[in-house]
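Work through the exercises below with the sequence and the coordinates open. Each task is followed by a solution in steps.

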Amino acid sequence: MATTALVLAPSKRWLWTGRVLSALPVLLMVATALFGFLNPAVATAGLEKYGYPAHVAMKLCALELICAILYAIPQTAVFGAIMVTAYFGAAVATHVRVGEPFYIPVIVAIVMWIGLYLRDQRLQALVPLRK
């Protein structure tokens with residue numbers, strides 16, 4: 001039995017849906033990174049709650065900002081998505097370790113990948129939907 005790959009047509013509706021879905025994680029990550037830069041005492045206290053040393057707060061904020069920027073640039077979006085996935089994977093592990101709900105980073109990562117999938121035909125060709 002043969003299956004056919006379904007690659008979404010490059011319609012404006014799918015492209016804009018993908019852009020909007022992609023913007024949501026970027027805005028969240030930029031906001032939290034900037035919050036960490038502007039309120040380092042609060043960011044440090046939050047990280048210490050999860051068992052991380054205070055001196056990594058600014059490094060993690062910078063990493064989060066870099067990941068968001070890489071994802072937002074179309075030429076580096078796939079690499080950025082991989083980096084964001086790794087970043088959120090660490091967030092999931094942290095929340096699991098301290099016994100907190102971990103679904104928010106998972107949901108944000110799923111929204112990020114759906115947004116990228118809808119706006120990038122190369123990714124659609126690489127991972128086609130099946131009928």
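**Exercise 1.** Determine how many residues line the largest pocket and which of them lie nearest its centre.

*Solution.* Step 1: the model is a predicted one, and totals for linings use all residues. Step 2: the lining of the largest pocket consists of 25 residues. Step 3: nearest the centre are Leu47, Glu64, Tyr87, Ala91 and His95. Step 4: two or more lining residues come from each of H1, helix H2 (40–49), H3, H4 and H5. Step 5: H4 gives the largest share, six residues.

**Exercise 2.** State the volume of the largest pocket and break its lining down by class.

*Solution.* Step 1: the volume is about 810 Å³. Step 2: the lining divides into 19 nonpolar, five polar and one charged residues. Step 3: Glu64 is among the lining residues nearest the centre, and Glu counts as charged, so Glu64 is the one charged residue of the lining.

**Exercise 3.** Identify the residues with the most contacts inside the largest nonpolar core and the helices that supply at least two residues of this core.

*Solution.* Step 1: the core has 16 residues. Step 2: the most contacts inside this core belong to Met29, Tyr71, Ala81, Val84, Phe88, Met112 and Leu116. Step 3: at least two core residues are supplied by each of helix H1 (12–38), helix H3 (57–72), helix H4 (77–97) and helix H5 (103–119). Step 4: take Leu116 and leave out residues up to four places away in sequence; Leu116 then touches Ser22, Tyr71, Ala77, Val78, Ala81 and Leu123. Step 5: of these partners, Tyr71 and Ala81 are also listed among the core residues with the most contacts.

**Exercise 4.** Find the salt bridges in the whole structure and say whether the residues of each count as buried, partly exposed or exposed.

*Solution.* Step 1: the search returns two salt bridges. Step 2: one joins the side chains of Lys49 and Glu100, at 3.2 Å from N to O. Step 3: because Lys49 is in helix H2 and Glu100 in the loop between H4 and H5, this pair ties together parts 51 residues apart in sequence. Step 4: Lys49 has 56% relative accessibility and so counts as exposed, while Glu100, at 24%, counts as partly exposed. Step 5: the other bridge joins the side chains of Arg122 and Asp120, at 2.9 Å from N to O. Step 6: Arg122 is exposed at 56% relative accessibility. Step 7: Asp120 has a relative accessible area of 7%, and buried means under 20%, so Asp120 is buried.

Methods: Residues are numbered from 1 along each chain as its sequence is written. This is a predicted model: local features need pLDDT of at least 70, side-chain atom pairs count only at pLDDT 80 or more; totals for chains, interfaces and linings use all residues. Side-chain values use heavy atoms; hydrogens and water are left out. A nonpolar core is a set of buried Ala, Val, Leu, Ile, Met, Phe, Trp, Tyr and Cys residues joined through side-chain atoms within 4.5 Å. Buried means under 20% relative accessible area, exposed over 50%, partly exposed in between (1.4 Å probe, protein chains only). Helices (H or I, at least four residues) and strands (E, at least two) are DSSP runs, numbered from the N terminus. Contact means heavy atoms within 4.5 Å. On a 1 Å grid over the protein atoms alone, a cavity is a set of points where a 1.4 Å probe fits but cannot get out, and a pocket is an open set with protein on both sides within 12 Å along at least five of seven lines; lining residues have an atom within 4 Å of a point. Grid points are joined across faces, edges and corners, and a volume is the space filled by probe spheres set on the points. A salt bridge is a side-chain nitrogen of Lys or Arg within 4 Å of a carboxyl oxygen of Asp or Glu.
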